[in-house]
Amino acid sequence: FQIISNAGAKNIVISAVQGTLPKTDDTPKYDNAIITAKVLGWVKDNAVITAGTLQPGDAVGLLLDRTNFYAEQGGQVGDTGMIDNQQTEGIEFRVDNTIRLGDTVLHLGVQLGGSLSVGDTVQLTQTTSRRIDIMRNHTATHLLNLALRTVLGNHVEQKGSLVDDEKTRFDFSQDKPVSKDEERLIERRVNDLISRDLPVMATVMPLDEAKKLPGVRAMFGEKYPDPVRVVSIGADELVHLTHDDSVEFCGGTHVPRTGTIGYFKIQSQEPVAKGVRRLTAVTGRMASEALATMSTTLDDVSSKFQCKPEEVVGRIDALQAEAKNAEARVTKLMTTQLAKEIDQLLANAPMTNGTTVVIGQVGTGTNDLVKVQIDRIKQKATSAFIVLLWNDEDAGKIPVMAALTPDLVKKGLKAGDIVKQVAGVLGGSGGGKPDMAQAGGKDASKIPEALAKAQELAKV
């Protein structure tokens, strides 16, 4: 294994630790209380060190006999905080991450000030605001798991999660995207459970007994200890649980009641694997910030539309309909103008060995509109050699299309070869099928030369 953790400006890399790691009593991790502990040593350069002193700047994995820091596991990130020497002021060790190796908890961080020695008694203080945000997000993850099954169906199974102080990220079995209506129902369900300020209870019990609890959820393939810790939401006693309550095997930290979460807001969803989707959501402080941003944006938009916020969607729908109508009118005008230009080219088109040669520059067009006109030419001319181009100044390119009637294709001519040579004069390239091909160039000053090249190819 290998663990890399950033401690300030330094990376701590831990892999294949040499030496015996002492067991850490981490039962206080579920409380927010400040505790004291004894320094047993540290891990540095993959070696367990049980004697000596840390100096300012030393980045290590500190070993203690007990800890109130939660070590990263089960999708929840590790705690951060400060460790101070109780006997001497100014001796500080900053914890940037907390990880678990077997029965040992490593406090990854850096010595900030003073010297810390093996045997010292220290005081452990978690980063309280961060820890509470993590707890909010973890409890919300359990509510989300329940809401997904309620809204999408019992096929939903947890496939992974990540809980930190900024978000909850939840992977679950689902073979199609979650619709916006379903997202809203999921949010509504979670926020309803939050608003009811339901109790959150953690109980340690025999694994076989825990598996029989109504509606209990566990990660498929995950190995759980015996006894196992069960986190339930919605009932004061496990005997009162129903399938409408959230019940999961979980070793993470949680808020005491759902009301502490504040608010839950889904931020995004995405596919992560075949049949697996991911929802990312925020709670508490981050949810408030997200809602404030959305509210400000809505206020700005409604101000620009000079309407009430609830009227914005109607205004946008009206603008989209207006834009669609305008686009249809422009397309109709372009089609009419293009048809006139093609008719003029046809009227002046020379005949070469029984083939109508239609070569020219049209004033405006799109690939689809020009293809329609090419079909018109083929309907009017039994045998036709066609090369059309136009200057698309907005896109900064000169599209070129070449087309041949079946009789010319049978003779061995290929529209792809023709369009490639014509576009080459314009500094571009392209290709296509023997009867129809398209390309593009960039040098508008070469358009006369490109048309001359097409005339030359038409004489073959």
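This is a short talk about strand β6 and a three-stranded sheet in a predicted model.

Okay, so keep in mind that we're looking at a prediction here, not an experimental structure. Let me start with β6, which covers residues 59-64. How many of its residues are buried? Six of six, so to speak a mostly covered strand. If you look at where the side chains go, A59, G61 and L63 point one way, while V60, L62 and L64 point the other way. And both sets are buried.

Now, who are the neighbours? β3, residues 35-44, is joined to β6 by four bridges, and the two run antiparallel. If you want a residue pair to click on, try V39, whose bridge partner in β6 is L64. Then there's β9, residues 104-113, also antiparallel to β6 and again joined by four bridges. The pair to look at there is G61 with L108 in β9.

Just as a reminder, strands in a sheet pair through backbone hydrogen bonds, parallel or antiparallel.

Right, on to the other bit, further along the chain. Here we have an open sheet of three strands, ordered β14-β15-β16, with antiparallel pairing. Which strands sit at the edges? That would be β14, at 200-205, and β16, at 246-249, each pairing on one side only. From one strand to the next, the twist averages 20°.

Zooming in on one of those pairings, β15, residues 228-233, runs antiparallel to β16, with four bridges between them. To find your way around there, pick S232: across from S232, in β16, you'll see V247.

That's my tour; happy to pull any of it up on screen.

Methods: Residues numbered from 1 in each chain as written. Predicted model: local features only at pLDDT ≥ 70, side-chain atom pairs only at ≥ 80, totals over all residues. Heavy atoms only, no water. Buried < 20%, exposed > 50% of the residue type's maximum accessible area, 1.4 Å probe, protein only. Pairing = 2+ DSSP bridges. Axes fitted to C-alpha atoms, helices over the stretch in contact; angles between N-to-C directions.
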